[in-house]
Amino acid sequence: MAEEVILLKDLKLVPDKYYEYSQTLRNSKTPIVIDNGSFTCKAGWATSSVPNLIFKNILARPRKERGKKDGETLIGNDIANIEAVRFQLKSQFDRNVITQFNVQEQIFDYTFSHLGIDSNGSINHPIIITEPVANPNYSRLLMSELLFECYHVPGICYGIDGLFSYQHNGHNNKTGLIVNCGHHTTHIIPVINGAPDLINSRRIDVGGYHITYYLHKLLQLKYPAHYNAITPSRAEELLYEHGFLAVHYTDALKQWSDPEYYDHNVKRIQLPYSMAVLLTPDQQRDKRREMAKKLVEMNARKRDEKLAEDEEQLHQLLMIREMIEDGEPIEEVREVLRSHGLKNEKDLRKLITDLQTRIDRAKSKIAAASLNASNVEEHVTEEPKLRLFKNKIQLPKEESVSKIWLKDIYKKRQDIIDKKTVRKQRRQDMAKRGTAASLERMRLISQLARKDKRDDDFGSRDEDWDVYKVINKEGGDTDSEEEQEKISELEEVLRFYDPTFVSSNTNEEQNPKEAHQLHFGIERMRCTEVLFQPSIIGCGQGGITDTIEFILKKYNVQTANDIAENVFLTGGPTKLPDFKQRVYRELREMRPLESNINVKLSDSPFLDAWSGAREFANKQDFHKYLLTPEMYAEMGGDYFIENSCSNMYCPLPEAVQEPEGLSEQNIEI
């Protein structure tokens, strides 16, 4: 097996800094570029070479604590530990379409504030923002409404992330095929002479989220003892650090079945664990004393708090009694009594008496507790008593325990463990075919079953029991509760007299480090295979190459050849090792003999969509593609201006008005 043990990074997110809103930006109309992905949001000024902000597109609302105000909403990189608030996470996306615009508004607030924009009531910069292929008109309508009516932006430009990445990598006027693998979906977009053919584009409802989810469940199923330690965040780290695509999946499965190949390629992942700290008798005594002291202080603090509350309530009730004695108006007295949940003066006197009794009793308890506090330390310094079972061991009479006596206890314990080990090995040998134990068992069984026996009296003699134990599948005597009890008793004695003793009954106690290791082997490629075989997770759609083949059949031979010569991969999961080689191999198998196939991976699958949008925003004619507030008011919320990287504008159908005078009564059947 591979010797290297890999430690999990468990990286904590670092909060984003607040940028300065310089005078140059304040006086200019520099566009803000937002790649609004369902996994991460990349945002920044069009004048920046890289995004100013990169954060996970999620927010968390911590649960309200008793007696405190609502917790502060955390967004993106402000969530230091995602697993701690996993069940409070919220996203504005349903798969890859924005549906929760109350969450999107908070994401925009976070983005604009961290960019340093401090203008009151408006964002005086045009915005170019990405959206998915075939984004529903209603989702775009609500996005335009949010940006125009809440932030008063001067203009909006919409575009598809995969097309921005395609143009950024120098494919402006080329025919090709875009495979854009996202977090929740994968889009495959054919491009003819630089123009996207959105009619023949297809979506697969599988992405990086499904790979991570499948890996997470695989590891939890494989290691149920570490169910809680295997978190989605750690599964995501393992995927992108050690996952890969199998170039030929079935061949790779055969390789992993070879033990030698498995040992050389498996990754040993170390989960966090805590070593059991062995305390000396003096340290144990100090710990008990400290715990007892804390309990005493905690109980005293509770008593003091309760006493203070009772005294305050008593003070208020005495003031009410003084009001009655001073002859205050009856209406005011009744109002005050009602505010304290009292009906009349009789209830008031009774409550005052009960409170005085309770306060006197509490003060006496506090006085008694202060007298007994000095005795607590003496009480906890007593040595713990040795707990023995029914098989009592003869303990040494003298105070000093001899090494010979301890050595004898160790030997007795080890003898019992060795007997259990021999029985376990014999049971394993019985289960295997061809071992000496199983052959001897079969010989005895065949001898007992021979047909020429005169009298079948097996079992009538005591020595027959020895024969039965030999042929028993359990390999003879089974582990008894008495043996385990004896071991527990011996270990209790050893722990009492030898503070350095550590039990070694279980493998985890023998080596806790190895007990908390994951063997990350075939799962490295099995989880990623979901992209090419979605049926693994129960999805009825075709994989990436199946969908590519379906799209290519919609074109004539020449166009299909031109598309296959320029297959472009973009999106976060495409950076997994051998993704490009896998797509090339499957295209080679599906295309005719001697076809020219070229598969290109994006220069930066994670950032190229933002970079392409930034380049588009810096074009001289960018203003022509901006949807203005006037156009929004005139044309409707679903309207936008098409560009080379956008969706097609398909207006919502107008509502059909019922002709005047036409009603159900006038319709003849």
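This is a walk through one predicted model, stop by stop, with something to select at each one.

Some ground rules before you click. Because this is a predicted model, local features need pLDDT of at least 70 and side-chain atom pairs count only at pLDDT 80 or more, while totals for chains, interfaces and linings use all residues. Residues are numbered from 1 along each chain as its sequence is written, and side-chain values use heavy atoms, with hydrogens and water left out.

**The whole chain**

Start with a cartoon view. The chain has 23 helices and 19 strands; helices (H or I, at least four residues) and strands (E, at least two) are DSSP runs, numbered from the N terminus. Of the 669 residues, 40% are buried. Buried means under 20% relative accessible area, exposed means over 50%, and partly exposed is in between (1.4 Å probe, protein chains only). Next, contacts, meaning heavy atoms within 4.5 Å: among those between residues at least 6 apart in sequence, 72% join residues at least 24 apart.

**The largest nonpolar core**

Select L215, L531, I544, I548, V567, F579 and V583. These are the residues with the most contacts inside the largest nonpolar core, which has 43 residues. A nonpolar core here is a set of buried Ala, Val, Leu, Ile, Met, Phe, Trp, Tyr and Cys residues joined through side-chain atoms within 4.5 Å. Which elements give two or more residues to this core? They are β12, α5 (208-222), α6, β17 (517-520), α19, α20, β18 and α21 (579-590). The biggest giver is α5, with 5 residues.

Now zoom in on V567. Not counting residues up to four places away in sequence, V567 touches L177, V179, V583, L587, N598, V599 and K600.

Then go to I544 in helix α19. I544 is buried, with a relative accessible area of 1%. Leaving aside neighbours within four places in sequence, its contacts are V179, T186, I188, I204, L531, F532 and F579. Try a distance too: the C-alpha atoms of I544 and P534, 10 residues apart along the chain, are 9.1 Å from each other.

**Helix α20**

Select residues 557-564, which make up helix α20. Colour T559, A560, I563 and A564, which are buried. They sit on the same side of α20, because they cover an arc of only 135 degrees around the axis; that arc is taken from the directions from the helix axis to the C-beta atoms. What covers these buried residues? The cover includes β12 (176-181), β13 (186-192), α19 (544-552) and β18 (567-570). Spin the helix, and on the face turned away from the buried side you'll find the exposed residues V557 and Q558.

Don't leave without looking at N556. N556 caps the N-terminal end of α20, with a side-chain oxygen 3.3 Å from the backbone nitrogen of Q558.

**H242 on α6**

Jump to H242, in helix α6 (residues 232-242). Is H242 buried or exposed? Its relative accessible area is 15%, so H242 is buried. Show I6, K267, I269, F520 and R524 as sticks: H242 is in contact with them, leaving aside its neighbours within four places in sequence.

**Rings and charges**

Now for the aromatics. Rings of Phe, Tyr and Trp (its six-membered ring) pair if their centres lie within 6.5 Å; planes under 30 degrees apart count as stacked, over 60 as edge-to-face and the rest as tilted. By this rule there are 17 aromatic pairs. Take F616 and Y625: their ring centres are 5.4 Å apart and their planes are at 45 degrees, so this pair is tilted. F616 counts as buried, at 3% relative accessibility.

Compare F640 and Y649, an edge-to-face pair with 6.0 Å centre to centre and 90 degrees between the planes. F640 is buried at 2% relative accessibility, whereas Y649 is partly exposed at 23%. Add Y158 and Y639 to your selection, and you have a cluster of Y158, Y639, F640 and Y649 linked by ring pairs.

Stay on Y649, in the segment after α23 (629-635). Y649 is 512 residues from N137 in sequence, but C-alpha to C-alpha they are 8.8 Å apart.

Last stop: charges over rings. A charge sits over a ring if NZ of Lys or CZ of Arg is within 6 Å of the ring centre and within 35 degrees of the ring normal. The charged end of R140 sits over the Y158 ring, 6.0 Å from its centre. Likewise, the charged end of K575 sits over the F606 ring, 5.4 Å from its centre.

Conventions. A polar contact is a pair of N or O atoms within 3.5 Å; within protein, one must be able to donate a hydrogen and the other to accept it, and residues adjacent in sequence count only if both atoms are side-chain atoms.
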